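Here is a short report on a two-chain model. Read it with the structure open.

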Amino acid sequence: MRCQIEGVGIVAPGLPDWSSARPCLAGDSIWQPGALGRVVAPDLPRTEARRATQVVHLSMTAAAQAMAAAEPPDTAMPSVWSSADGDLIGLERTCLALAEDPPWASPHRFQNSVHNTPAGYWSIATGCRGPSTALAGGGDSFVAGLVEAMTLLTADGAERCLLVVYDEASPPTLERVRPVAESFATALLLRADGNVGTPLELRKAPASATPTACEDAGLERLRATNPAARALPLLCALAAGRAQTLVLPWNDTAYELQLGESA
Amino acid sequence: MMHPHFLTASTLVSAIGRGREATLRALHEERGGLAPIEVDGLALHAATVDGLDEVALPGELARFDCRNHRLAEAALATDAFEARVAAAVARHGRERIGVFLATSTSGMWETEDAYRAASATGALAADFTWKTTHQLSALSDFVRLRLGLGGPAVLISTACSSSAKAFASAARYIDAGLCDAAVVGGVDSLCRNTMFGFHSLELTAAGPCRPFAQDRDGMCLGEAAAFALLESEAQDAGDIALLGYGESADAHHMSTPHPEAAGARLAMHRALERAGIGAERIDYINLHGTATPSNDAAEDLAVTAEIGTATPASSTKGWTGHTLGAAGAVEALICTLALEHGFIPPTLSTRQVDRTLRCDIVTERRERPINLALNNSFGFGGNNCTLVLGRSA
């Protein structure tokens with residue numbers, strides 16, 4: 001399967017947006033993580049922005065960066081939202097309320113507890129009525145989301161597809177069972193064909209192929225711990241404008257991503 | 001127009017029965033699965049599956065043990081599903097069979113238990129597992145390991161449209177050449193989050209739910225597992241096929257349907273278009289029909305606009321409860337039973353249909369041949385999916 005990468009977004013500690021992250025991802029500067037701070041999605045109306053949890057802001061901010069390349073705005077395109085664990089801060093609050101005597105639930109928190117909450121808010125904010133899929137693939141959620149998005153172009157004939165991949169840092173109670181210390185979100189605006197952006201070809205790789213790592217030790221640690229950060233080798237190659245073949249594992253198999261020269 | 005994808009094997013376990021035969025019998029004998037339950041002081045009507053505590057996960061898959069996976073195991077062990085998948089492995093090879101499953105709450109019951117225990121000790125118990133019970137992909141991991149499959153494995157979680165969308169994803173993967181066959185389905189089990197959550201939104205019924213009824217007052221939860229094996233070639237002359245799917249977003253509100261049902265209409269329109277079938281050819285509509293006043297009214301608008309008022313329609317949520325992420329697959333399989341055996345299941349518990357609604361709501365079982373069925377699934381976040389199933393021409 002082939003497509004073109006037309007737009008890119010990223011939100012992570014020390015990597016607040018694609019243009020400021022580029023030098024670091026290209027290897028021209030060292031990654032300085034620091035604290036991510038509160039992220040506020042640019043597209044959300046004020047009421048929704050107040051109600052939305054941090055994971056919604058995180059993913060929608062990455063989405064907005066990638067979508068800046070889509071001119072004119074496309075309100076029929078499909079989107080794919082992939083995250084291993086979704087809204088953990090919301091989950092923890094839900095579980096704590098249900099552990100009280102008597103147990104209780106907040107109606108707002110409950111309606112926002114579904115895995116497709118960011119996808120729902122994004123469609124409300126942008127008016128996009130295209131097919132919207134929220135999925136999970138554990139540690140391989142990036143490649144699972146990418147393949148899903150590429151099938152929407154290949155099998156359904158969509159011209160464009162937005163892919164958003166995100167996972168947030170664990171709240172303290174969950175740190176032991178799910179050791180993810182830093183939040184990470186990325187978004188790719190994919191296009192079926194055309195002369196814009198960077199060509200990407202995906203094919204099956206031998207299961208024995210070695211997964212591509214990041215050269216920078218700090219970014220490599222981020223890649224190895226946050227499922228969404230498995231996108232980093234691809235983002236580093238894109239930032240450097242480098243044609244490269246990358247290997248991404250998926251369960252007991254692997255896929256090869258061949259990134260070409262930008263148009 | 002898309003290629004048909006045949007359901008060459010299927011199985012389901014819900015409160016009305018374990019397996020296709022038991023489900024068919026319950027539908028014939030008008031035996032619903034809803035009953036009063038009480039959990040931590042909250043009294044509701046729900047459709048629970050008995051005997052799950054006795055289900056053991058085999059061998060080293062015991063690490064996946066939780067109510068949701070016991071429910072999945074109960075279904076995999078029914079209707080010779082495992083043997084049918086093994087035969088498909090022999091036909092295609094394990095790496096050419098993908099897994100496309102859905103859940104909305106995964107192992108939430110056990111996570112709720114862990115947090116309760118932690119409120120005394122301050123930390124989650126050392127034996128609390130995350131990756132194999134709570135994490136959404138635990139279900140797709142369990143099923144792919146249980147069936148020995150090596151193709152792509154995807155877990156879709158878009159609330160109540162999840163497992164309908166799993167069919168759409170599987171069809172795309174097969175059409176894109178990424179696999180030759182797919183195990184598709186959904187599993188969701190009861191937990192406090194959904195019981196207290198729907199109750200807090202004032203969406204739960206006081207008694208058994210009554211979809212499309214004049215006096216409907218909300219939904220009832222259920223739990224179920226449903227699986228199908230999807231292949232491009234039929235294995236039996238009678239195999240029912242997935243003929244079309246349509247997906248959309250409302251772009252309106254997180255938990256309230258669009259007032260003109262714009263998203264629902266779009267999903268139905270796209271499904272019929274992809275199937276290459278005129279709306280007048282649909283013989284039966286299995287409605288999303290949750291029995292909340294606003295959901296049913298919006299769906300009625302969508303159905304009358306896209307299909308008309310003459311097509312028999314029913315909601316089977318009065319039988320199985322609303323099984324959330326499993327609902328799309330459960331109802332697709334009820335459609336296959338209706339197609340194979342030539343009947344329309346009634347909307348159980350609905351006596352007086354709402355006079356302001358215009359769909360032809362079936363309240364008494366009808367015996368008649370059915371060639372094409374349409375199944376609606378709509379979820380929170382304004383996420384919609386419609387499937388068209390039937391005999392391939």
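A:Pro102 sits in the loop between α4 (88-98) and α5 (107-111) of chain A. The peptide bond leading from A:Asp101 into A:Pro102 is cis, with omega near 0°. Most peptide bonds are trans. Helices here are DSSP runs of H or I with at least four residues, strands are runs of E with at least two, and both are numbered from the N terminus.

This is a predicted model: local features need pLDDT of at least 70, side-chain atom pairs count only at pLDDT 80 or more, and totals for chains, interfaces and linings use all residues. Residues are numbered from 1 along each chain as its sequence is written, while chains are lettered from A and ligands numbered from 1 in the order in which they are written.

**Positive phi**

Two loop residues of chain B have a positive phi without being glycine. Their settings are listed below.

| Residue | Phi | Loop of chain B | C-beta neighbours inside 10 Å |
|---|---|---|---|
| B:Ala80 | near 50° | between α2 and α3 (81-92) | 13 |
| B:Leu324 | about 50° | between α10 (317-320) and α11 (327-341) | 31 |

Buried or partly exposed? B:Ala80 counts as partly exposed because it has 13 such neighbours. B:Leu324, with 31, counts as buried. The cut-offs are 20 or more other C-beta atoms within 10 Å for buried, 12 or fewer for exposed, and in between for partly exposed, with C-beta atoms placed from the backbone.

**Helix packing in chain B**

Helix α2 (residues 67-76) and helix α5 (residues 138-147) of chain B pack at about 35°, their axes 10 Å apart. Axes are lines fitted to C-alpha atoms over the stretch in contact, and angles run from 0 to 180 degrees between N-to-C directions. On the α2(B) side are B:Asn68, B:His69, B:Ala72 and B:Leu76; they meet B:Leu139, B:Phe142, B:Val143 and B:Arg146 of α5(B). Contact means C-beta atoms, placed from the backbone, within 7 Å.

**Between the chains**

In chain B, 54 residues are in contact with 53 residues of chain A. On chain B's side, α4(B) gives the most, with 6 residues. Strand β3 (residues 132-136) of chain A and β6(B) run antiparallel, joined by 2 bridges. Strands pair if DSSP finds at least two bridges between them. Which residue of β6(B) is the bridge partner of A:Leu135? The partner is B:Ile156.

Note on methods
Two residues are in contact if their C-beta atoms, placed from the backbone, lie within 7 Å.
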